[in-house]
Amino acid sequence: MAVDQNKLTEFIGRFVADLGATSAAGNVVVGHRLGLYRALATGPATPEQLAERTETDRRYITEWLRGQAAGGYVDYQPATGLYAMTEEQAFALANPDGPIYLPGAFVFALGALRAERRITEAFRTGAGVGWHEHDSDVYIGCEQFFRPGYIANLVPNWIPTLAGVEAKLRTGARIADVGCGVGASTVILAEAFPHSTISGSDYHDASIELARKRAADAGVAERTSFEVASAQTFTGTNYDLVATFDCLHDMGDPLSAARHVRQALATDGTWLVVEPYAGDTPADNLTPVGRIYYNFSSFLCVPNALSQPGGYALGAQAGEAAIRQVAADAGFTRFRRTAETPFNLVYEVRP
Ligand SMILES: C[S@@+](CC[C@H](N)C(=O)[O-])C[C@H]1O[C@@H](n2cnc3c(N)ncnc32)[C@H](O)[C@@H]1O
């Protein structure tokens, strides 16, 4: 079969963009760690000025700025030799506490890629690789990847879609945040609902240690508690709200987790399930966001599920039908999709 030159050129163009993004990823993380984006966002600078502003080496900064400009992450004005950031670049790259923070996603991706040799081997053997076996940038980057979306949506957009829940949280409710990681969602809920108490749990001890620190730093330690426990064993009953944020699909046994959630809920309690945005079939997910999730999934979600007993490995693109099935198999009778963003689907699940 003859190669179609136009199609080949188009495909190579795509490869060049992809390789450019991959090779730039390390520099995005360097910019994040050294505060380079934040410093440039304060005003245009030559490489010398940015190096001075950030107490870094001029030669490295020169190369970094050129690479950033080539990728469109900063602007370059050849007439003046100045580099600068537009409002939009600064909005997306310079504020770790904003509703969008792109460098955090690169920390997550590079953290996951550090396990490439081990994952390659796991492809051969089918062995699992647990979340706790990855580089710490995986759980710290995961926080940075999801937290902006939780800041933007959890309290203003997601909680109000759950029948009767917001009023309970305002007066004082019992909340469990299961698979809470380093506690981004736990802290957001504690800050928004000071009369409620929140129990965060995760099987990963290092994440729980960091979650305790995050809660203390945010001044919400007295109304949060954390335990190292799996979704199948977390303690407490009579919860008004149990939440699982971007973790149900990671579990080897989401069904027993769902059963445990059910028995931990108060009779009129609600299970808030937040999962990655996904359609029900692979064809639905052949999108830019689906690509991100499938690739995280084969490095993180599927290996983690395979490292646990249970026989499930839903993957990060499980879709509504699979999540609904787990809830139904666990005996929940009411299941409703209540909200969505480009990265998340939100479900209300009730006994
Ligand atoms: C993608 S992270 C999400 C973390 C956090 N909920 C968030 O949204 O930032 C998945 C989390 O699920 C946790 N996890 C995986 N299997 C688990 C299990 N069986 N029980 C409890 N947590 C689990 C991992 O340790 C990890 O913190």
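Ala, Val, Leu, Ile, Met, Phe, Trp, Tyr, Cys and Pro count here as nonpolar, Asp, Glu, Lys and Arg as charged, and the others, Gly among them, as polar. By that scheme, the shell around the ligand holds 9 nonpolar, 7 polar and 3 charged residues. The model is predicted.

**Ligand site**
- The ligand occupies the second largest pocket.
- It is surrounded by 19 residues.
- The closest of these are Tyr150, Gly179, Asp202, Ala231 and Phe245.

**Polar contacts and burial**
- Aspartate 202 places a polar side-chain atom 2.6 Å from a ligand oxygen atom.
- Phenylalanine 245 contributes a polar backbone atom, 2.8 Å from a nitrogen atom of the ligand.
- Glutamine 308 has a polar side-chain atom 3.0 Å from a ligand nitrogen atom.
- Taken alone, the ligand exposes 590 Å², and the protein buries 96% of that area.

**Salt bridges**
- Side chains of opposite charge can pair when their charged atoms come close.
- The count of salt bridges comes to 18.
- One of them joins glutamate 143 and arginine 214, with the closest N and O atoms 2.7 Å apart.
- Glutamate 143 sits in helix H8 (residues 136-158) and arginine 214 in helix H11 (residues 205-217), so this pair ties together parts 71 residues apart in sequence.

Notes: Residues are numbered from 1 along each chain as its sequence is written. This is a predicted model: local features need pLDDT of at least 70, side-chain atom pairs count only at pLDDT 80 or more; totals for chains, interfaces and linings use all residues. Side-chain values use heavy atoms; hydrogens and water are left out. A residue is near a molecule or strand if one of its heavy atoms lies within 4 Å of it. A polar contact is a pair of N or O atoms within 3.5 Å; within protein, one must be able to donate a hydrogen and the other to accept it, and residues adjacent in sequence count only if both atoms are side-chain atoms. Accessible areas come from the Shrake-Rupley method with a 1.4 Å probe; for residues, only the protein chains shown count as cover. On a 1 Å grid over the protein atoms alone, a cavity is a set of points where a 1.4 Å probe fits but cannot get out, and a pocket is an open set with protein on both sides within 12 Å along at least five of seven lines; lining residues have an atom within 4 Å of a point. A molecule sits in a cavity or pocket if more than half of its atoms lie within 2 Å of its grid points. A salt bridge is a side-chain nitrogen of Lys or Arg within 4 Å of a carboxyl oxygen of Asp or Glu. Helices (H or I, at least four residues) and strands (E, at least two) are DSSP runs, numbered from the N terminus.
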